[in-house]
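Q: I would like a close look at one small part of this model. Please start there, then work outward to the rest.

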Amino acid sequence: MDLKTANRLLELRKEHGYSQDALAEKIGVSRQAVSKWERAESSPDTDNLISLANLYGITLDELLNNSKGGVSEPASPSQSKDVKEKVKTVVSKVSDYGLYPRAAAAMMKFPFPILVVIIYAGLSFAFDIWHPLWIIFLAIPIYYQTALACKANNKKAFCLLLPFPEIIVAIYLIASFATQAWNSTWILFLAIPIYYWIAAFLVKNKD
């Protein structure tokens, strides 16, 4: 988000007499998220932009362009296009932020599936361990789900997006193949509901 838009959000909040905590509660985000918007460190997503506009009783054009209320001339097609492009730009930048934006961007660019295929084929040809080495392919969804989690705007969302079930499945398969204790290693799956309970109720919703 550019500094001009960030300052606009700050001005609107103060004009309407909201503290950061009060505004955050009104639109269902954390105070840290509001603070980051006003410092141009992150951008509100589409839903939050709409919520802010509705709360302040203004249009998205007025929210983003600092236009004042009152009687105004109808927007020309070029002006309408500019507004739409600005909204699109602000929303598109959401993915550039989050808890770990650089890590997410780097992970998405890296050709991880190709690396997994090369490792699988290389080890399988070299040691004739096609089975159970296929388990390595579980690393692909784990990898990309982790990248997605890095784009989360707060710790709770990050924890909930982490590929914990996939990791448990991978550990279960590896442990079971190694020990042949299929009848007892299933207990690992009990960690999944415990993990999500902790993430949902104990992890604080902070940025």
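Is Ala40 buried or exposed, and what is its relative accessible area?

A: Ala40 is buried. Its relative accessible area is 19%. The cut-off for buried is under 20%, so Ala40 with its 19% falls on the buried side. Keep in mind that this is a predicted model.

Now find Ala40 along the chain. It sits in the loop between helix H3 (31–38) and helix H4 (46–56). Its backbone deserves a look too. Phi of Ala40 is near 60 degrees. That is a positive value, and Ala40 is not a glycine.

Next, turn to Asp128. It also has a positive phi, of about 55 degrees, without being a glycine. Asp128 lies in the loop between helix H8 (112–127) and H9. It comes just after H8. Is it hidden? Asp128 is exposed, with a relative accessible area of 60%. So Ala40 is buried, whereas Asp128 is exposed.

Step back along the chain into H8. This helix has 16 residues. From its first C-alpha to its last it reaches 22 Å. That is close to the 22 Å expected at 1.5 Å a residue. Its buried residues are Phe112, Val116, Tyr120 and Ser124. They cover an arc of only 90 degrees around the axis, which puts them on the same side of H8. These buried residues pack against H9 and helix H10 (139–149). Now look at the face turned away from that buried side. It carries the exposed residues Ile114, Ile118, Phe125 and Ala126.

Go past Asp128 and you reach H9, which spans residues 130–133. Pro132 is found in this helix. The peptide bond from His131 to Pro132 is cis, and its omega is near 10 degrees.

Aromatic rings come next. Two rings count as a pair if their centres lie within 6.5 Å. By this rule there are 13 aromatic pairs. One of them joins Tyr143 and Tyr144: their ring centres are 5.1 Å apart and their planes stand at 85 degrees, so this pair is edge-to-face. Tyr143 is buried, at 14% relative accessible area. Tyr144 counts as partly exposed, at 26%. Phe177 and Trp182 have ring centres 5.0 Å apart and planes at 85 degrees, so they too are edge-to-face. Phe177 counts as partly exposed at 22% relative accessibility. Trp182 counts as partly exposed at 30%. Both also belong to a cluster: ring pairs link Trp134, Tyr172, Phe177, Trp182 and Phe189.

Last, take in the whole protein chain. It has 14 helices and zero strands. Read from the N terminus on, each element in the run is therefore an α. The chain has 207 residues, and buried residues make up 33% of them. Ala40 is one of the buried residues. Now take the contacts with a separation of 6 or more. Residues 24 or more positions apart account for 63% of these. The chain exposes about 12,500 Å². Carbon and sulfur atoms supply 64% of that area.

Terms used
Residues numbered from 1 in each chain as written. Predicted model: local features only at pLDDT ≥ 70, side-chain atom pairs only at ≥ 80, totals over all residues. Heavy atoms only, no water. Phe/Tyr/Trp six-rings, centres within 6.5 Å; stacked < 30°, edge-to-face > 60°. Buried < 20%, exposed > 50% of the residue type's maximum accessible area, 1.4 Å probe, protein only. Helix = DSSP H or I, 4+ residues; strand = E, 2+ residues; numbered from the N terminus. Contact = heavy atoms within 4.5 Å. Areas by Shrake-Rupley, 256 points an atom, 1.4 Å probe, with all protein chains shown as cover. Expected span 1.5 Å × (residues − 1). Arc of directions from axis to C-beta.
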